[in-house]
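Reader: Hi! I'm new to reading protein models, and I'd love a close look at one part of this one. Could you pick a residue, show me its surroundings, and then work outwards from there?

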Amino acid sequence: MILENFNYITSGCEGDVYVDNAHKRVIKLLYEDFSQENFIYLLNIYRRCQYIHGVIKLVNDIKYKNIHRKHLLFDYIEGHSLAKICVKRSLSLFEALSVMSKIINVIVEVHQEDIVHGDIHAENVMLSNANITLIDFYAFRKQKTDDLVDICKLFYEIKWDVELIPKEVKALFPKRKDAILRRYTTTKDLQNKMRLLFRSFHV
Ligand SMILES: Nc1ncnc2c1ncn2[C@@H]1O[C@H](COP(=O)(O)OP(=O)(O)O)[C@@H](O)[C@H]1O
Ligand SMILES: [Mg+2]
């Protein structure tokens with residue numbers, strides 16, 4: 001398929017991703033064998049999340065430029081993925097904790113809607129100025145606790161200035177899955193602990 005004025009970004013496990021710079025849109029062309037059921041599922045979860053600040057916005061345009069392949073059309077996010085930023089430089093303690101806390105807040109809201117992101121990692125978190133946007137929800141059902149575990153793992157994907165991470169911060173994010181699930185039942189538990197930590201910093 002020829003996509004004029006689209007710039008190819010990547011091909012992932014669901015499809016090929018292009019950016020339409022002129023119209024500030026990103027389009028994910030799903031692979032031919034992507035099931036209708038999973039397509040409807042994805043459309044639904046993005047729609048249900050449209051009011052959650054920090055979740056990528058789906059653009060309703062079922063026949064974008066007459067593309068006859070199942071696709072998802074999104075607003076373009078300025079900035080870079082957290083993964084890309086971390087390749088360039090270490091985040092300060094303040095920046096990293098602020099990013100983690102924003103991700104946790106968004107996921108708590110997503111879980112309140114009974115939706116699971118399913119694929120939280122540094123390439124699926126976009127950062128522009130101080131804002132984060134979660135992209136790339138996973139089409140195959142997973143548990144909320146998978147998101148909880150992925151958030152704790154993400155903490156170790158962030159390139160930190162290691163000397164600056166206090167023990168009490170590390171303790172919030174256990175490394176092992178069993179330890180994470182012993183410590184927290186829901187992402188809300190992690191959010192509460194994070195809030196307590198922030199409060200202790202301000203005393
Ligand atoms: N809405 C968007 N705005 C800007 N860049 C995006 C957007 N969506 C995706 N990207 C870029 O494309 C990459 C791949 O998109 P993603 O939806 O995560 O697909 P994949 O399934 O290939 O991981 C992202 O890591 C990000 O760099
Ligand atoms: Mg991705």
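Author: Let's start with Phe39, which sits in helix α1, the stretch covering residues 36-48. Keep in mind that what you're looking at is a predicted model.

Is Phe39 buried, exposed or partly exposed? Count the C-beta atoms around it: there are 16 C-beta neighbours inside 10 Å, so Phe39 counts as partly exposed. To be called buried, a residue needs 20 or more of them, because that is where the cut-off lies. If you skip the neighbours within four places in sequence, Phe39 is in contact with Leu30, Phe34 and Lys70. You can also pair Phe39 up with Glu14: the two are 25 residues apart in sequence, and their C-alpha atoms are 10.0 Å apart in space.

Now follow the strands. Strand β3 covers residues 25-30, and β2 pairs with β3 in the antiparallel sense over 6 bridges. The two make a hairpin with 4 residues between the strands, and there Lys24 has a positive phi near 55°. On its other pairing, β2 (residues 15-20) joins β1, again antiparallel, over 5 bridges. β1 and β2 also form a hairpin, this one with 3 residues between them. A nice residue to click on is Asp16 in β2, which stands opposite Ser11 and also opposite Leu29 in β3. If you're wondering what holds such pairs, strands of a sheet pair through backbone hydrogen bonds, either parallel or antiparallel.

These strands also take you to the ligand. Around ligand 1 there are 19 residues, and the closest are Gly12, Val26, Phe74, Ile77 and Asp136. Three elements give two or more residues to this shell: β1 (6-11), β3 (25-30) and β4 (71-75). Sorted by class, the shell has 10 nonpolar, 4 polar and 5 charged residues.

Where does ligand 1 lie with respect to the domains? The chain is assigned a domain 1 (6-75) and a domain 2 (80-202). Both of them give residues to the shell, so ligand 1 lies between them. The C-alpha centres of the two domains are 24 Å apart. The domains also touch directly: 12 residues of domain 1 are in contact with 13 residues of domain 2. On the domain 1 side of that contact you'll find 8 nonpolar, 2 polar and 2 charged residues.

Cross over into domain 2, which spans 80-202, and look for a sheet. It's an open one of 3 strands, in the order β5-β6-β7, with antiparallel pairing. The edges are β5 (80-81) and β7 (131-134), each of which pairs on one side only. Between β5 and β6 (residues 125-128) there are 2 bridges, and Ser81 stands opposite Met126 in β6. β6 and β7 are linked by 4 bridges, with Ser128 partnered by Asn131 of β7. This pair is a hairpin too, with 2 residues between the strands, and Asn129 in the turn has a positive phi of about 50°.

Next, the helices. Does the length of α3 (residues 93-112) agree or disagree with what you'd expect? At 1.5 Å a residue, its 20 residues should span 28 Å, and the end C-alpha atoms are 28 Å apart, so the two agree. Plenty of α3 is buried, including Ala96, Leu97, Val99 and Met100. After the helix comes Asp114, with a positive phi near 65°.

Ile107, also in α3, makes a good partner to set beside Phe39. It has 27 other C-beta atoms within 10 Å, so Ile107 is buried. Leaving out residues up to four places away in sequence, Ile107 touches His117, Asp147, Ile151 and Thr187. Gly54 is 53 residues from Ile107 in sequence, yet their C-alpha atoms are 9.1 Å apart.

Two of those contacts of Ile107, Asp147 and Ile151, bring you to helix α4, where both are among the buried residues. Helix α4 has 12 residues (144-155) and reaches 17 Å from first C-alpha to last, close to the expected 16 Å. Also buried in α4 are Leu148, Asp150, Cys152, Leu154 and Phe155.

Definitions and conventions. Residues numbered from 1 in each chain as written. Chains lettered and ligands numbered in written order. Predicted model: local features only at pLDDT ≥ 70, side-chain atom pairs only at ≥ 80, totals over all residues. Pairing = 2+ DSSP bridges. Near = placed C-beta within 6 Å. Nonpolar A, V, L, I, M, F, W, Y, C, P; charged D, E, K, R; others polar. Domains from an automatic or database assignment. Contact = placed C-beta atoms within 7 Å. Expected span 1.5 Å × (residues − 1). Buried ≥ 20, exposed ≤ 12 C-beta atoms within 10 Å, placed from the backbone.
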